[in-house]
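Open the model in your viewer and keep the selection tool at hand. The tour goes stop by stop.

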Amino acid sequence: MICVLQNDNNSDFLLSMMKNPLKLLVLTVATQETDGFRRFLKSARNFNYTVKVLGRGQKWSGGDYMSAPGGGQKVRLLKEALQETKSEDQVLLFTDSYDAVFASGPKELLRKFQQAKHKVVFSSERLIWPDRHLEDKHPHVREGNRFLGSGGFMGYLSNIREMVSNWTGEDADSDQLFFTKIYVDPDKRKSINMTVDSRCRLFQNLHGALDDVVLKFEDGRVRARNVLYDTLPVLIHGNGPTKLQINYMGNYIPKSWTFETGCTVCQDDLRSLAALKDSEYPLVSIGIFIQQPTPFVSVFFERLLKLEYPKDRLKLFIYNQEPHHEPQVSSFLRDHGGLYQDVRSITDICRKDADCDYFFNLDIEVVLKNEKTLKILIEQNLPVVAPMITRAGRLWSNFWGAVSAEGYYARSEDYVDIVQGRRVGVWNVPYVSNVYLLKAHLLRSQLKDSAVFTSHSLDPDMAFCHSLRSAVRTIGTPPTPQEEGVFMFVTNMQTFGRILSTENYQSTHLHNDLWQIFENPVDWEERYIHQNYSRIMRDKLIETPCPDVYWFPVFSDVACNHLVEEMEHFGKWSGGGNTDTRIQGGYENVPTIDIHMNQINFEKEWQKFLVEYVAPITEKMYPGYYTKLAFVVRYRPDEQPSLRPHHDASTFTINIALNQLGQDYQGGGCRFLRYDCSIQAPRKGWALMHPGRLTHYHEGLPTTAGTRYIAVSFVDP
């Protein structure tokens with residue numbers, strides 16, 4: 001119902017309304033409650049606007065005027081609403097709402113309306129549409145835009161009623177053309193007393209003006225500033241093809257995010273899971289996609305098991321296109337598949353399963369470090385939301401802040417600040433990938449077409465996001481006015497993880513992850529470096545079991561196992577004789593049964609390991625040295641159980657125990673003859689560092705059972 005206000009003088013009435021802005025009535029047409037409509041209402045509530053919605057729940061029959069004229073249904077609904085209102089001095093604002101936000105309140109809007117000195121004020125546009133033949137009939141203005149925009153106008157009820165009284169068009173006819181023809185008719189323009197907001201003081205249409213509009217941060221709020229006319233418009237409208245730009249601005253305007261407050265809306269409309277029993281949790285289908293050879297797949301499944309969510313409320317779909325990873329997938333399903341409510345191999349599980357509440361897309365290259373990720377995303381209560389993940393040391397992430405006209409990547413002004421954490425919040429973005437949560441009802445409505453992931457020119461992720469951006473409420477029906485699609489969000493409110501690089505990943509070895517120290521150094525370290533390595537200096541973990549012999553943890557158990565298994569898989573152990581064509585000169589004075597790192601093409605990776613993890617320790621004892629030779633030695637009672645006393649051909653030597661005394665072998669160890677000091681229980685993964693020449697004459701003690709492995713590096717200036 002439209003409230004009735006009585007006043008004999010429009011000017012006096014306007015002044016009175018400025019003192020009581022709640023009496024301004026905003027009218028908008030919204031046949032569906034879209035994400036954009038809810039954003040509009042939130043901005044209106046922020047400034048205490050009174051909003052009346054027309055056409056709610058009705059079928060939209062106003063055409064698709066993103067590509068062709070339409071919108072006549074809005075005029076019809078407005079005309080019908082005005083016929084129900086008897087007050088002649090009511091001030092109305094009629095605006096689109098799916099792609100509009102308020103940047104300021106009624107008091108400023110009414111003041112600027114009064115200063116326009118007309119009874120009806122339309123928004124203005126730089127571009128004429130839909131009939132360019134009417135260009136010359138538009139009155140000239142002293143400064144600014146000449147052309148009328150129908151997406152927003154305000155005026156007195158009596159004048160607006162007169163303006164729409166002659167509407168007899170169809171719902172699919174053009175509202176813009178209807179109002180334009182009135183405006184370009186001098187007699188009608190004068191009778192109604194109408195004008196356009198040429199300098200964008202009240203309204204800012206973004207189409208044709210993107211270069212003119214910037215965000216202005218001031219005193220805990222955000223405005224859109226038109227730098228061409230130096231104005232601060234009250235209502236911002238993403239008309240035409242500027243939906244993504246209004247989404248970007250809506251991340252800030254009016255005070256969704258400011259430098260003073262940070263994100264002010266990130267805790268709005270949350271869905272709490274705290275009080276739920278495990279059996280009451282939403283049912284989530286997790287789609288795991290393996291589409292190329294990827295490192296650390298076993299670690300991915302280990303993290304999946306640690307995800308904090310009732311497993312009997314999870315269904316798994318694993319889509320594996322890479323035969324190389326079939327053993328890891330099979331192993332996971334064999335050992336843990338029974339923990340989950342269901343495991344399937346079809347692609348439309350949520351479309352056919354009405355009980356499915358969410359679909360969680362998870363690409364195999366995603367490293368989810370935050371075990372609460374799924375709960376956090378569900379509690380955000382958004383249609384599509386992704387946890388922000390980045391590639392270590394780079395600006396690459398799983399979202400785009402903007403897209404080009406062709407649908408490809410474009411960098412938004414705030415992208416770097418979001419990726420680097422200088423701006424923290426929940427952001428409306430045009431593209432997410434790799435990991436995201438989707439409300440499953442979307443797959444049964446707007447996205448029920450199985451072709452949403454396909455395009456002749458875009459990859460699947462880009463095609464899917466394009467489908468989201470262009471999705472309509474009901475498939476097969478025309479979009480509602482200014483249909484903005486389904487909003488996508490990315491959150492960087494918490495740290496979630498990272499994404500692996502799959503570049504240069506080779507699958508020719510047994511344990512290919514060992515070779516990832518260059519491409520994915522953080523993940524390599526987590527997998528292969530001892531958990532106590534970071535405590536070596538802080539907690540003084542370096543031990544000295546013998547004079548000038550240093551002992552410290554460096555390799556994880558997994559690293560030791562993988563290196564041993566890789567060598568045995570290669571299998572080309574030396575014969576243990578003095579003749580050795582692998583080394584310069586071809587003669588080995590103290591031979592061992594070994595495989596050199598360069599034989600398995602691991603020499604560069606081993607050198608990188610020494611530089612990153614051993615050098616910081618050794619340079620405190622032996623600064624300025626480099627590795628000359630590296631190899632893995634194997635000791636067996638029936639092969640080569642020990643090594644005679646000798647000096648190493650190095651300034652100092654590093655050897656790392658690769659397996660466990662008692663569990664894998666008996667005996668073994670190292671004895672330094674000069675000091676009569678033995679290390680007979682080497683710890684798996686620990687490095688033993690000692691001088692090679694002169695002072696530390698030493699021998700390898702006999703291995704009496706099993707097989708002992710050590711990795712050896714000779715280091716010289």
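Which residue in S29 is the bridge partner of Glu543? Select Glu543, then Trp551: Trp551 is the partner.

Before moving on, note that this is a predicted model, where local features need pLDDT of at least 70, side-chain atom pairs count only at pLDDT 80 or more, and totals for chains, interfaces and linings use all residues. Residues are numbered from 1 along each chain as its sequence is written, and side-chain values use heavy atoms, with hydrogens and water left out.

**Stop 1: strand S29**

Select residues 549–553, which form strand S29. Strands (E, at least two residues) and helices (H or I, at least four) are DSSP runs, numbered from the N terminus. Five of the five residues in S29 are buried. Buried means under 20% relative accessible area, exposed over 50%, and partly exposed in between, with a 1.4 Å probe and protein chains only. Now show the side chains. In a regular strand they alternate between the two faces of the sheet. Val549, Trp551 and Pro553 point one way from S29. Tyr550 and Phe552 point the other way.

**Stop 2: the partners of S29**

Add strand S28, residues 543–546. S28 and S29 run antiparallel, joined by two bridges. Two strands pair if DSSP finds at least two bridges between them. Two residues lie between the strands of this hairpin, and Asp548 takes a positive phi near 60°.

Next, add strand S37, residues 686–691. Four bridges join S37 to S29, again antiparallel. Find Phe552: Ala687 in S37 stands opposite.

**Stop 3: a three-stranded sheet**

Move to the open sheet with the order S4-S11-S8 and mixed pairing. Its edge strands are S4 (100–102) and S8 (203–205), each pairing on one side only. Neighbouring strands here are turned by 15° against each other on average, direction ignored.

Select S11, residues 235–237. S11 pairs with S8 in the parallel sense, over three bridges. Gln204 stands opposite Ile236.

Now add helix H2, residues 35–46. H2 lies across S4 and S11, at about 10° to S4. Such angles run from 0 to 180 degrees between N-to-C directions, and axes are lines fitted to C-alpha atoms, for helices over the stretch in contact.

**Stop 4: Ser97**

Select Ser97, in the loop between S3 (91–95) and S4. Why does Ser97 count as buried? Because its relative accessibility is 1%.

Show what surrounds Ser97. Leaving aside neighbours within four places in sequence, Ser97 is in contact (heavy atoms within 4.5 Å) with Thr28, Val29, Ala30, Gly36, Phe37 and Phe40.
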